[in-house]
Amino acid sequence: MALFKNLTETQIWKSIFRHKYPDNTRDQALAVLSNVFLHLHPIKVRKSGVRMSFTWCMGGVTFFLFLVETITGILLMFYFRPVVEYAFNDMKDLREVTPMGIMRELHRWGAHLMVITVWLHMLRVFLTGSYKPPREFNWNVGVILLVLTLLLSFTGYLLPWDQLAIWAVTVGTNMARATPLLGHEGPGAALLTLGDIPIITAGSDVRFGLLGGTVVGPATLMRFYVLHCVFIPMIAGVLMAVHFWRVRKDGGISGPL
Amino acid sequence: MEFAEKIKHFLDWLLGPVTFFLFSVIGFGAMIAFRGWWTRTPVALSLFGLSVVVFLLSMTDAQFRVIIEKPDNIPIVIMLCSIGFLLWLAFRKMAINDGLIEQGLPTIEARESKKRVMCWPDLIYSEFLIAILVTIALLWWAIEIKAPLEEPANPAVTPNPSKAPWYFLGLQEMLVYYDPWLAGVVFPTLIIGGLQAIPYIDMNTKGNGYFTFKERPFAITVYLFGFIVLWVLLIMLGTFLRGPNWSFFGFFEYWDIHKLTSLNNVNLSEYFWNTWLGMPLPENIFLRELPGFAVVIFYFAALPPILANTVFKRFFIECGFIRYNVMANLFLFMAALPIKMALRWLFNLKYIVGIPEWFFNI
Ligand code: HEM
């Protein structure tokens with residue numbers, strides 16, 4: 001204890017933490033306020049809103065899993081090459097020889113779990129009527145986060161480049177063939193012609209744009225990799241910031257007024 | 001052992017896409033109707049114990065284990081357990097709160113909602129603790145179970161069945177009843193759009209920030225029906241019960257590639273012209289599909305005003321014209337799935353409007 005006391009008196013410690021041990025209201029408030037990671041929280045929260053039986057903590061768990069995915073994902077990026085020749089073997093190495101290959105397991109099971117917790121979070125928000133005014137907008141941000149979470153999971157599913165991966169993605173993206181007007185097997189696509197020449201073909205429809213080819217191939221792997229590692233996480237990250245900020249600005253966790 | 005085999009055969013025989021869905025709907029109705037009863041702790045505990053026993057007994061079956069223990073299927077089991085638990089928690093609070101409201105007393109949440117507590121430690125500690133627990137659980141899971149890695153990708157060898165990732169299997173199951181442009185494109189778009197519309201079409205101001213069923217029975221029933229029956233249970237069906245050629249297999253049934261399911265589905269136009277009028281199909285596509293178009297137009301254009309004057313009268317008055325129509329149409333789209341399922345099972349109906357020439361099949 002004395003050591004700890006001495007430690008907290010040092011200039012280094014004081015330069016990092018601008019408050020005393022948070023055992024009184026003032027320092028507890030400062031602990032939240034002066035910390036960039038904690039300061040999205042308000043200083044005080046509704047008692048009914050911190051109950052686990054009310055929020056189920058599912059939004060929090062979802063966010064935590066997003067962080068887990070980010071960290072394990074970055075570590076995986078050091079080893080994984082998104083090129084058809086290497087992708088599968090890199091996965092196999094991760095499984096068998098690469099040190100810390102367990103990152104892949106953490107990343108995969110974390111991703112599945114995140115899909116589940118988003119749904120449960122949404123269920124809780126619905127059942128407590130927390131989408132009602134003034135939280136309509138945040139519900140909408142949430143819906144977009146839901147879609148992004150599913151897309152993250154889906155784009156990641158392709159990367160191991162095994163049978164499971166390409167066929168699941170083939171089944172999933174085959175739907176895009178049938179997009180009305182924009183898919184070559186979609187209703188109305190035949191109407192889009194330049195004279196006699198059809199505009200929407202297997203080589204120009206939305207599915208082609210998604211896959212970078214007519215089948216799931218090397219270009220798809222690269223596309224999904226970039227979407228998975230950069231594009232979608234970036235947007236999701238920004239929207240999460242908006243989401244949390246709005247939770248607070250809309251009056252904190254909902255409760256009866 | 002003999003006896004156990006008999007029960008398994010009976011269950012496999014009992015289960016089919018039709019009975020699975022029927023049981024789901026009946027179970028769902030019972031969950032809503034008897035919420036005061038099954039949420040009581042002794043009853044809930046007994047139900048939980050019963051399902052654990054059934055699950056453990058089923059695990060003695062090799063075929064059941066093969067499906068359940070597929071690494072990528074484990075999340076589904078976790079999901080089903082957590083949904084069961086959380087639904088119990090939510091419905092219990094609803095039942096208690098509804099009782100309190102009836103007596104004019106403040107709800108569980110209202111008793112505490114005026115009081116504010118310090119974020120540190122009350123919230124931060126919980127968050128930190130949960131983070132640690134999740135980390136431990138995830139580590140344990142990752143150590144116990146390897147992430148799957150199958151044969152290297154081979155575009156020439158199509159696995160049978162080819163399945164989308166598990167969270168999309170509800171959509172894949174819809175493909176049995178609707179063509180890809182609906183099941184794969186239009187319906188997902190409407191699900192997302194419909195979810196976004198919810199806060200703007202639900203004009204009921206009650207039940208904001210606390211659990212209650214009685215104050216918003218319609219909203220909760222519809223949402224839960226969509227989520228539990230049309231999403232989660234269809235995922236379960238698609239994952240556990242659909243085998244090669246997307247044929248249906250019972251929980252304990254071997255996935256035999258040669259299992260035949262006779263499909264002899266008939267279009268509405270064939271019913272109308274051939275069976276009822278005793279005529280050949282007309283050459284003209286529009287004439288041929290006239291009955292189908294009539295049905296679809298009636299469904300989406302005539303039903304909303306009819307409903308507005310009958311069962312949805314209160315909503316129409318509360319919501320006004322635009323909100324009401326958005327709500328009614330989303331509702332009808334959602335109902336279109338179970339309706340088509342029933343039509344398929346009862347009449348072998350294939351397409352209501354069938355114009356394969358233009359990929360326009362409904
Ligand atoms: C990546 C996905 C998401 C993350 C990380 C996330 C995170 C959070 C967190 C941490 C909270 C604070 C309260 C709580 O934990 O329940 C929250 C609240 C909220 N979330 Fe989410 N969320 C996500 C997705 C969603 C979705 C899919 C919806 C709905 C469609 C949604 C709607 C809301 C609403 C309306 C609130 C305010 C609830 C209240 O005031 O009681 N969120 N979210």
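Hi everyone, let's begin with empty space: a search of the whole structure turns up 1 cavity of 30 Å³ or more. Please keep in mind that this is a predicted model. As a reminder of the idea, rolling a probe the size of a water molecule over the atoms shows where empty space is left.

How much space lies in the largest cavity? The figure is about 30 Å³. And which residues line the largest cavity? From chain A we have A:R104, A:R108, A:Y157, A:P160, A:D162, A:L164 and A:A165, and from chain B there is B:P148. If you sort that lining by character, you get 5 nonpolar residues, 3 charged ones and no polar ones.

Now, where does the lining come from? Two helices of chain A, α7 (102-127) and α9 (163-174), each give at least two residues to the lining of the largest cavity. In terms of domains, at least three lining residues come from domain 1 (55-158 + 228-251) of chain A, and at least three from domain 2 (161-215) of chain A.

Let's stay with α7 of chain A and look at its partners. Two packed helices are described by the angle between their axes and the distance between the axes. Take helix α5 (residues 58-77) of chain A: α5(A) packs with α7(A) at an angle of about 155°, and the axes are 9 Å apart. An angle over 145 degrees counts as roughly antiparallel, so that is how α5(A) and α7(A) run relative to each other. Their crossing is left-handed.

The other partner is helix α8 (residues 136-158) of chain A. Here the angle with α7(A) is about 160°, with 10 Å between the axes. α7(A) and α8(A) are therefore roughly antiparallel too, and α7(A) passes α8(A) in a left-handed crossing.

Let me finish with some backbone details. Most residues other than glycine have a negative phi, and most peptide bonds are trans. With that in mind, which peptide bond of chain A is cis, with omega near 10°? The bond from A:P133 to A:P134. You can find A:P134 in the loop between α7 and α8 of chain A, the two helices we just discussed.

Over in chain B, B:N160 and B:P161 are joined by a cis peptide bond with omega of about 5°. B:P161 sits in the loop between α8 (119-144) and α9 (169-174) of chain B.

Finally, back to chain A: A:M100 is not a glycine, yet its phi is positive, at about 65°. Look for A:M100 in the loop between α6 (84-96) and α7 of chain A. Thanks for listening!

Conventions: Residues are numbered from 1 along each chain as its sequence is written. Chains are lettered from A and ligands numbered from 1 in the order in which they are written. This is a predicted model: local features need pLDDT of at least 70, side-chain atom pairs count only at pLDDT 80 or more; totals for chains, interfaces and linings use all residues. Side-chain values use heavy atoms; hydrogens and water are left out. On a 1 Å grid over the protein atoms alone, a cavity is a set of points where a 1.4 Å probe fits but cannot get out, and a pocket is an open set with protein on both sides within 12 Å along at least five of seven lines; lining residues have an atom within 4 Å of a point. Grid points are joined across faces, edges and corners, and a volume is the space filled by probe spheres set on the points. Helices (H or I, at least four residues) and strands (E, at least two) are DSSP runs, numbered from the N terminus. Ala, Val, Leu, Ile, Met, Phe, Trp, Tyr, Cys and Pro count as nonpolar, Asp, Glu, Lys and Arg as charged, and the others, Gly among them, as polar. Domain bounds come from an automatic or database domain assignment. Axes are lines fitted to C-alpha atoms, for helices over the stretch in contact, and angles run from 0 to 180 degrees between N-to-C directions. Angles under 35 degrees count as roughly parallel, over 145 as roughly antiparallel, 65 to 115 as roughly perpendicular and the rest as oblique. A crossing is left-handed if the near helix is turned anticlockwise from the far one by less than a right angle, and right-handed if clockwise.
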